[in-house]
Amino acid sequence: MKPVTLMGRERLYCAFSTRGSSLFRLGTESRQDSDVPPIPKPHDQADRMRSNVYKAEDQFSAVCNRGGLVDFFGSHIDIPIQRRFGDIDSVRGYVESVIGLMVEKYPKLTTPRVRVRKGSTRAHYEFSTNTIAIPIGDQWALRESVVLHECAHHVTWFRYKANVAPHGSEFTACMLELVGRIMGEGPALLLRAGYQELGVPVMTTGVDS
Ligand SMILES: [Zn+2]
């Protein structure tokens, strides 16, 4: 099969260098230029982090829609085509099998509820009821990478409750763990690189505790 090259890599590297430049300016107090960016407020940082998590995962999902060999820094990694689901029952069955695999590592991990989310095009996770809500009218949401994202919220909640940011480094570590176990190490490597390119932090210690 002919290898494909990740699209958008140059743009992502550009975003990376722009952020580095902004950090430099913030540390230069004598400058009064109007182009000095304002210091981001905490909720702005959370929004930006969530946005970058979505961007990295959207790019990852696009590659997984095609599957095949991906040129990855000169090496080829084989990416399976991600699953697509036809209805809520198939999503529910998939979530049960994902949790079944994770229980081996987290014996007290519960299975989240899965329900249809009406009137929306986005999937989400309800922390108060441990429920994954999926809009079934949207093909975008009925994909493996989207369902794994919501499963990662559930595993993060199980491990940390409300003590961590919804899309923080603990979440991304859980997402990578799920992708690695369910989709394979090649896809996990690809997603990790996507997070890295966008400056999304991933917790590197304590994941296996
Ligand atoms: Zn999320």
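The legends below describe close-up views of a predicted model of one protein chain.

**Figure 1. Overall arrangement of helices and strands in the predicted chain.** The protein chain contains six helices and six strands. Followed along the sequence, these elements appear in the order β-α-α-β-β-α-β-β-β-α-α-α. Of the 209 residues in the protein chain, 30% are buried. Among contacts with a separation of 6 or more, 55% are made by residues 24 or more positions apart.

**Figure 2. Packing of helix H5 against helix H6.** Helix H5 covers residues 169–182 and helix H6 covers residues 185–197. Two packed helices are described by the angle between their axes and the distance between the axes. For H5 and H6, the angle is about 155° and the axes are 7 Å apart. Because angles over 145 degrees count as roughly antiparallel, H5 is described as roughly antiparallel to H6. H5 contributes Thr172, Leu176, Val179 and Gly180 to the contact. From H6, the contact residues are Glu185, Pro187, Ala188, Leu191, Arg192 and Tyr195. Sorted by class, the contact of H5 with H6 comprises six nonpolar, two polar and two charged residues.

**Figure 3. Packing of helix H2 against helix H6.** Helix H2, formed by residues 42–66, packs on H6 at an angle of about 145°, and the two axes lie 9 Å apart. The crossing of these two helices, H2 and H6, is right-handed. On the H2 side, the contact is made by Ala56, Gln59, Phe60, Val63 and Cys64. On the H6 side, the participating residues are Pro187, Leu190, Leu191, Gly194 and Tyr195. By class, the contact of H2 with H6 has eight nonpolar and two polar residues, with no charged residues. Pro187, Leu191 and Tyr195 of H6 thus belong to the contact with H2 and are also listed in the contact with H5.

**Figure 4. Glu197 in helix H6.** Glu197 is found in helix H6. This residue counts as buried because 20 C-beta neighbours lie inside 10 Å. The C-alpha atom of Glu197 is separated by 8.3 Å from that of Ala56, although the two residues are 141 residues apart along the chain. Ala56 is also one of the H2 residues in the contact with H6.

**Figure 5. The hairpin of strands E2 and E3.** Strand E2 (residues 68–72) and strand E3 (residues 75–79) run antiparallel and are joined by five bridges. Val70 stands opposite Ile77 in E3, and Asp71 has His76 in E3 as its bridge partner. Two residues lie between the strands of this hairpin. In the turn, Phe73 has a positive phi of about 50°.

**Figure 6. Strand E6 and its pairing with E4 and E5.** Strand E4 (residues 113–116) runs parallel to strand E6 (residues 131–134), and four bridges join the two. Val116 has Ile134 in E6 as its bridge partner. Strand E5 (residues 124–126) pairs with E6 in the antiparallel sense over three bridges. Within this pairing, Glu126 stands opposite Thr131 in E6. E5 and E6 form a hairpin with four residues between them. Asn130, in the turn of that hairpin, has a positive phi of about 50°.

Key
Residues are numbered from 1 along each chain as its sequence is written. This is a predicted model: local features need pLDDT of at least 70, side-chain atom pairs count only at pLDDT 80 or more; totals for chains, interfaces and linings use all residues. Axes are lines fitted to C-alpha atoms, for helices over the stretch in contact, and angles run from 0 to 180 degrees between N-to-C directions. Angles under 35 degrees count as roughly parallel, over 145 as roughly antiparallel, 65 to 115 as roughly perpendicular and the rest as oblique. Two residues are in contact if their C-beta atoms, placed from the backbone, lie within 7 Å. Ala, Val, Leu, Ile, Met, Phe, Trp, Tyr, Cys and Pro count as nonpolar, Asp, Glu, Lys and Arg as charged, and the others, Gly among them, as polar. A residue is buried if 20 or more other C-beta atoms lie within 10 Å of its own, exposed if 12 or fewer, and partly exposed in between; C-beta atoms are placed from the backbone. A crossing is left-handed if the near helix is turned anticlockwise from the far one by less than a right angle, and right-handed if clockwise. Two strands pair if DSSP finds at least two bridges between them.
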